[in-house]
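This report describes how the inside of one protein model is put together. It looks at a strand, a helix, the nonpolar cores and the enclosed spaces in turn.

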Amino acid sequence: MSATTTLPELERTAPVRHRPALSYELFPARSDVSFERLRETIRHLEATAPDYVSVTSRAGHGNLARVLEVTEHVLAETALRPLVHLTSIGSTRAQLTTIIHALLDRGVRGILALRGDQPEGHRLEDDEIPFARPLVELIREIERERTATLAGGRVSIGVAAYPHRHPESATTSHDTEVLVAKERAGADFAITQVFFDASAYCRLLERAQTAGIRLPLVPGFVPATNPRRLERLAEMSGVEAPRDLLHQLEIASDDVERRRIGVRFTVDLARRVLDAGAPGLHLFTFNSHGDALDVLDHLDLDRWSTTQGETR
């Protein structure tokens, strides 16, 4: 092909429409047996062509070997891009620096920078990097040092956002200030904590817009099919599922009916936030692909695709 025909050919083959962002969250396997099941889940999720899959890690990085195991599998055996969680709580600056270099050495170009849950009795003032903002700054500092080895590339950094008030924040205004600080430190996008009311996400969008935040705020969803899981999430996050939903799940005649109820609720919630302008969706899979794929099958993301040149 001659140089003069390259651009017209690209124009002819360029995608006309752009689907909202799609991503999944995975947990590192706890054993070799569960890792084999996780590989199967990843294979099914890959078939939906997500933009990335996130890999969680525990505070303190006690499961770092398992995190790297999943990450290396995704990089070597799939076409997926990993977004690796990195928590700062309980770690020294030197330890975090070592982990960031190890991730970049393996080809990771996406990091979700988090403070992490605070263990009982832990004092944040004892940490060298007690919050996500300085962790974002550290990643950017290491990125600058490695610009040549990254071929001038840039690491994509995600952070957390909270539709409901963070449990440790006095007000949602403080949450907004924290998000502004993380954006200024170099964050590229945010993934929200779970929520079950579209208005909570819409209020987050409004607060961000008023504060001048330009970060895409990707809503996080749990397929609401398991009442025990929803109750555990409420204990951990303080965000409770609607009582009516929990009641319907409890009285469902069997697992098939329970799954139908939960998927329908999640799809309706996702539709409302996508209609409100959400840039995509992030599905917490709990290493099981069935519920997440059911949500996608009923959602039909093409409905929210945009034609090139258009804006929402």
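Strand E10, made up of residues 280–284, is mostly covered, and five of its five residues are buried. The model is a predicted one. Neither face of E10 is left open: Gly280, His282 and Phe284 are buried on one side, and Leu281 and Leu283 are buried on the other.

E10 is joined by bridges to strands E2 and E9. The table lists these pairings.

| Strand | Residues | Bridges to E10 | Direction | A bridge pair |
|---|---|---|---|---|
| E2 | 21–26 | five bridges | parallel | Glu25 with Phe284 |
| E9 | 220–221 | two bridges | parallel | Phe221 with Leu283 |

Helix H9 spans residues 243–251, and its buried residues are Leu245, Leu246 and Leu249. These residues lie on the same side of H9 because they cover an arc of only 95° around the axis. In an α-helix there are 3.6 residues a turn, so residues three or four places apart point the same way. The exposed residues Arg243, Asp244 and Ile251 sit on the face of H9 that is turned away from the buried side. What do the buried residues of H9 pack against? Their partners are helix H8 (227–237) and helix H10 (255–275).

H10 also matters for the nonpolar interior. The largest nonpolar core holds 81 residues, and Tyr24, Ile139, Leu217 and Leu230 have the most contacts inside it. H10 gives the most to this core, namely eight residues. A second core, separate from this one, has eight residues, among them Leu112, Leu114, Ala160 and Ile191.

Tyr24 touches residues from several parts of the sequence. Leaving aside residues up to four places away in sequence, its contacts include Leu45, Pro50, Tyr52 and Val53. His282 and Leu283 are also touched by Tyr24, and both of these are among the buried residues of E10. Other contacts of Tyr24 include Ala292, Leu293 and Leu296.

How many cavities of 30 Å³ or more are there? The count comes to two. The largest cavity contains about 40 Å³ of space. Its lining consists of Val194, Phe195, Phe196, Gly220, Phe221, Val222, Phe265, Thr266 and Leu269. E9 and H10 each supply at least two residues of this lining, and the largest share, three residues, comes from H10. Phe221, one of the lining residues, is also the bridge partner of Leu283 in E10.

Notes:
Residues numbered from 1 in each chain as written. Predicted model: local features only at pLDDT ≥ 70, side-chain atom pairs only at ≥ 80, totals over all residues. Heavy atoms only, no water. Buried < 20%, exposed > 50% of the residue type's maximum accessible area, 1.4 Å probe, protein only. Helix = DSSP H or I, 4+ residues; strand = E, 2+ residues; numbered from the N terminus. Pairing = 2+ DSSP bridges. Arc of directions from axis to C-beta. Contact = heavy atoms within 4.5 Å. Core = buried A, V, L, I, M, F, W, Y, C linked by side-chain atoms within 4.5 Å. 1 Å grid on protein atoms, 1.4 Å probe; cavity = no way out; pocket = protein on both sides within 12 Å on 5 of 7 lines; lining within 4 Å. Points joined across faces, edges and corners; volume = space filled by probe spheres on them.
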